[in-house]
Amino acid sequence: MAAAVDVRLPTVLRSQAGGQSIVTVKASTIGDVLRELVSEFPGMSGQLLNDDGSLHRFVNVYVNDDDVRYLEALETPVREGDEVSLLPAVAGG
Amino acid sequence: MLRLPRALYLQMVAYCITGLPEEACGVLAGDPVSGTVDRLYPTRNEAASARVYTVDSRDLLQADRDAERNGTQLIGVFHSHTHTDAYPSPTDVDQAPDLSWHYVVVSLRDSHPVVRSYRIGGGLVEEESVVVLGQAAVAVAV
């Protein structure tokens with residue numbers, strides 16, 4: 001059953017969402033959340049998911065306080081009232 | 001231009017030295033318009049490496065939230081180069097996520113640390129000046 005979930009967007013993605021910092025989507029899993037975002041804001045596609053549908057390695061996705069990579073990745077369930085946060089992964093050499 | 005209060009500048013360099021032999025990293029919060037840093041968040045290097053760094057994802061989230069709670073925002077990242085110049089590596093350029101961010105490199109190659117800052121976008125690297133300010137500031141442990 002899909003739940004209404006708030007998604008906090010990082011500054012770099014807000015321009016793709018008309019300047020919004022929080023958007024609400026209906027979803028059951030993190031995969032749904034990201035696919036909904038891409039469907040609504042196609043400009044985000046290359047930044048969230050790879051062509052094969054897997055999670056892009058330069059984005060961190062959290063449910064409440066937890067990084068979904070340490071949970072069930074795209075299969076991580078989301079429930080009504082959960083807060084999903086996206087942040088660009090910060091890495092280099 | 002990046003403006004760093006002296007206390008935060010010293011904390012950043014000290015944190016990088018403490019992290020040896022691995023690369024140390026952290027994020028900077030402040031005013032995106034003036035480039036003035038008001039908070040420094042040392043973070044864990046998830047890669048635990050002397051050659052690469054990844055800001056620990058949970059530390060990053062906590063820093064982002066703390067910055068927002070305090071009416072400021074993340075505007076940059078710092079990391080150390082343990083054996084090379086204070087210039088962004090090809091990996092740094094490839095992985096720079098945000099055109100508006102300040103990318104600070106602290107080189108510990110020589111006896112004296114060298115701190116330089118860059119803007120990185122579209123594969124291009126532009127150095128900017130770093131000004132160390134005299135006033136007190138808040139240091140935050142994540």
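These questions and answers concern the sheets and helices of a predicted model. Local features need pLDDT of at least 70 and side-chain atom pairs count only at pLDDT 80 or more, while totals for chains, interfaces and linings use all residues. Residues are numbered from 1 along each chain as its sequence is written, with chains lettered from A and ligands numbered from 1 in the order in which they are written.

Reader: Which strands stand at the edges of the open sheet in chain A?

Author: Strands here are DSSP runs of E with at least two residues, helices being H or I runs of at least four, both numbered from the N terminus, and two strands pair if DSSP finds at least two bridges between them. The five strands follow the order β2-β1-β5-β3-β4 with mixed pairing. Each edge strand has a single partner, so one side of each is left without a neighbour in the sheet, and these strands are β2 (22-27) and β4 (66-67) of chain A.

Reader: In β5(A), what is the bridge partner of R8(A)?

Author: Strand β1 (residues 3-8) of chain A pairs with strand β5 (residues 83-88) of chain A in the parallel sense, over three bridges. Within β5(A), the partner of R8(A) is S85(A).

Reader: How many of the nine residues of strand β5 (residues 73-81) of chain B are buried?

Author: A residue is buried if 20 or more other C-beta atoms, placed from the backbone, lie within 10 Å of its own, exposed if 12 or fewer, and partly exposed in between. Six bridges join β5(B) to the antiparallel strand β2 (residues 25-31) of chain B, and six join β5(B) to the parallel strand β6 (residues 102-107) of chain B. Strand β5(B) is largely enclosed by the rest of the structure, because the number of its nine residues that are buried is eight.
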